[in-house]
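Please read the following report alongside the sequence and the three-dimensional structure, which are shown here.

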Amino acid sequence: MFWVLLLFLAWAFAGTACSRLCLAAVRTDASDTPGSPDAPDTPAVAERDLTLYEAAFLSGGPARVADVALVSMARQRRLLLAHTGWATVVDPRGRDEIEQSVIGAIGPGGQSRIAPVRTRAADAEAVRRLADGLVHAGLAVRRSSDTVASAVRQVRAAALAVAALGTTALLLPGDTGTPRPLVGAWFALPLILTLGSLLIARFEVHPYSPWASPAGQRLLRALTGKPAGDERSFLTSVAVRGIRAIGEPELRAAFTHRDQPVRE
């Protein structure tokens, strides 16, 4: 009857993950309900225009903010991003706090690998203040593990765990005392629970962003529909879609370059 223990584990994984998803969805819905303490000021939000950095954070988090700053500075020839993966400072005067953080991340030598610059700039105090301001405005989710996005990932992991436990139970050697089709049917129940929860979440709370609240997601959708000039439109695409929106081969190569392993 060892398969019964595996079944208990499967139900524990499925029940815990699905309960967490339900709670996260309820909290998200409550935070977007007018009159809720966490609900943003709807008229003020509707009239607000997101900056490029705000759009970048809501779309991809701190790392996306660093990417937008790097691309913007490179397009203005104030920063040289080589296709070999190096960043070189041309103009050491940052025009805002984020740019100053990027220059500081490059270091006093004025040159550094792009990967560590992105990491250090994303962790800068200026980016944290940007995040706190968006959270305070009700446009970003608070930094915690209780978001819909993280709960969905846990349900996905639980579904895989249930499938693995069910397969293990079916492959147990010897006589389990219960017909194997019945064993499979018992494990199908928690699997249906997890897959059903994912399906409902897909229709009810998608997109489940780890960064933007429902109000922030609405502003992002409005932002992508606004006409803009060529440069603004390009940077907006990078803010919303990331470096995959970069159409210039040399500039894209600077971000995607990976060091080759040293050969002895």
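Rings of Phe, Tyr and Trp (its six-membered ring) are taken as a pair if their centres lie within 6.5 Å, and the pair is called stacked with planes under 30 degrees apart, edge-to-face over 60 and tilted for the rest. By this rule the count is 1 aromatic pair. Its members are Phe 57 and Trp 211, set edge-to-face with 5.6 Å from centre to centre and 65° between the planes. The pair links distant parts of the chain, 154 residues apart, with Phe 57 in helix H3 and Trp 211 in the loop between helix H9 and helix H10. Helices (H or I, at least four residues) and strands (E, at least two) are DSSP runs numbered from the N terminus. The two partners have these accessibilities, where buried means under 20% relative accessible area, exposed over 50% and partly exposed in between (1.4 Å probe, protein chains only).

| Residue | Relative accessible area | Class |
|---|---|---|
| Phe 57 | 5% | buried |
| Trp 211 | 28% | partly exposed |

The model is predicted, so that local features need pLDDT of at least 70 and side-chain atom pairs count only at pLDDT 80 or more, whereas totals for chains, interfaces and linings use all residues. Residues are numbered from 1 along each chain as its sequence is written, and side-chain values use heavy atoms, with hydrogens and water left out.

The largest nonpolar core (a set of buried Ala, Val, Leu, Ile, Met, Phe, Trp, Tyr and Cys residues joined through side-chain atoms within 4.5 Å) has 50 residues, and those with the most contacts inside it are Leu 58, Leu 81 and Val 102. Helix H4 gives the most to this core, with 8 residues. Contact means heavy atoms within 4.5 Å, and, leaving aside neighbours within four places in sequence, Leu 58 is in contact with residues including Leu 134, Leu 139, Trp 211 and Leu 220.

In helix H12 (residues 249-256), Leu 251, Ala 254 and Phe 255 are buried. These residues lie on the same side of H12 because they cover an arc of only 90° around the axis, the arc being that of the directions from the helix axis to the C-beta atoms. The buried residues of H12 pack against helix H4, strand S1 and helix H6, while the face turned away from the buried side carries the exposed residues Pro 249 and Glu 250.

Confidence is given as pLDDT, the predictor's value for each residue from 0 to 100. The chain averages a pLDDT of 83, and 84% of the residues score at least 70. Over residues 260-264 the pLDDT is below 50, and this stretch has 0 contacts in the model beyond near neighbours in sequence.
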